[in-house]
Amino acid sequence: MTRQVNYIKPQEGFQMNFLSSPADIVIGGSGAGVGKTFALLMECLRYTHVPNFGAQVFRRTTPMITKKGGLWDESFDMYMSLANPPIPIPGKHLYRFPNNVTIEFSHMQHIKDRLSYQGSQIPLIAWDELTHFEWEQFSYLLSRGRAVCGVKPYVRATTNPQSSGWVKDFI
């Protein structure tokens with residue numbers, strides 16, 4: 001049986017702009033339907049060829065990751081269509097690629113949950129819907145942006161428009 005492999009590429013506009021920025025921190029905001037989450041999941045694949053690279057993707061709660069059509073489902077559809085798909089570990093919300101590369105999905109429901117990442121070294125810190133988080137969570141995780149894999153640590157986040165709040169003030 002021949003395996004169907006999809007070619008994954010960003011759409012012109014938001015996705016292309018989000019994925020092509022060389023900035024250390026990119027916060028991509030727009031209304032529903034432009035493919036923000038899809039672009040974030042694509043970004044996680046950028047360095048899967050680099051040994052020991054890792055991406056940590058955050059949502060505020062676990063149901064936001066695991067609900068039907070959520071991050072896990074969307075990532076599974078995308079990542080399993082790759083020519084060399086990773087090994088999914090559903091209970092841990094983790095994908096393992098060759099060369100000790102991982103993409104992990106985690107919640108950070110409470111502000112104190114940020115302390116679970118003490119001592120972590122995370123090359124790509126990704127936030128899906130940044131306005132759901134508190135400044136203390138975001139700013140603390142910036143200190144976890146470290147890596148020994150050779151990829152300069154960076155942050156990518158998606159957000160919906162916000163009339164006021166810390167994300168708007170930060171931008």
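Biologist: What covers the buried residues of helix 4?

Modeller: The cover includes helix 2 (36-43), helix 3 (62-66), strand 2 (54-59), strand 3 (87-89), strand 4 (94-97) and strand 5 (101-107). Contact means heavy atoms within 4.5 Å. Helices (H or I, at least four residues) and strands (E, at least two) are DSSP runs, numbered from the N terminus. This is a predicted model, where local features need pLDDT of at least 70 and side-chain atom pairs pLDDT 80 or more, while totals for chains, interfaces and linings use all residues. Residues are numbered from 1 along each chain as its sequence is written, and side-chain values use heavy atoms, leaving out hydrogens and water.

Biologist: Which residues of helix 4 are buried?

Modeller: In helix 4 (residues 71-79), Leu 71, Trp 72, Ser 75, Met 78 and Tyr 79 are buried. Buried means under 20% relative accessible area, exposed over 50%, partly exposed in between (1.4 Å probe, protein chains only). Down the helix axis they fall within an arc of 130 degrees, so they line one face of helix 4. The arc is taken from the directions from the helix axis to the C-beta atoms.

Biologist: New topic. How many disulfides does the structure hold?

Modeller: Zero. A disulfide here is a pair of cysteine sulfur atoms within 2.5 Å.

Biologist: Why is Cys 44 not in a bond?

Modeller: Because the closest cysteine sulfur, in Cys 149, is 13 Å from that of Cys 44, too far for a bond. Cys 44 is buried at 0% relative accessibility, and Cys 149 is buried at 15%.

Biologist: And Thr 158, buried or exposed?

Modeller: Thr 158 is buried, at 1% relative accessibility. Thr 158 sits in strand 7 (residues 154-159).
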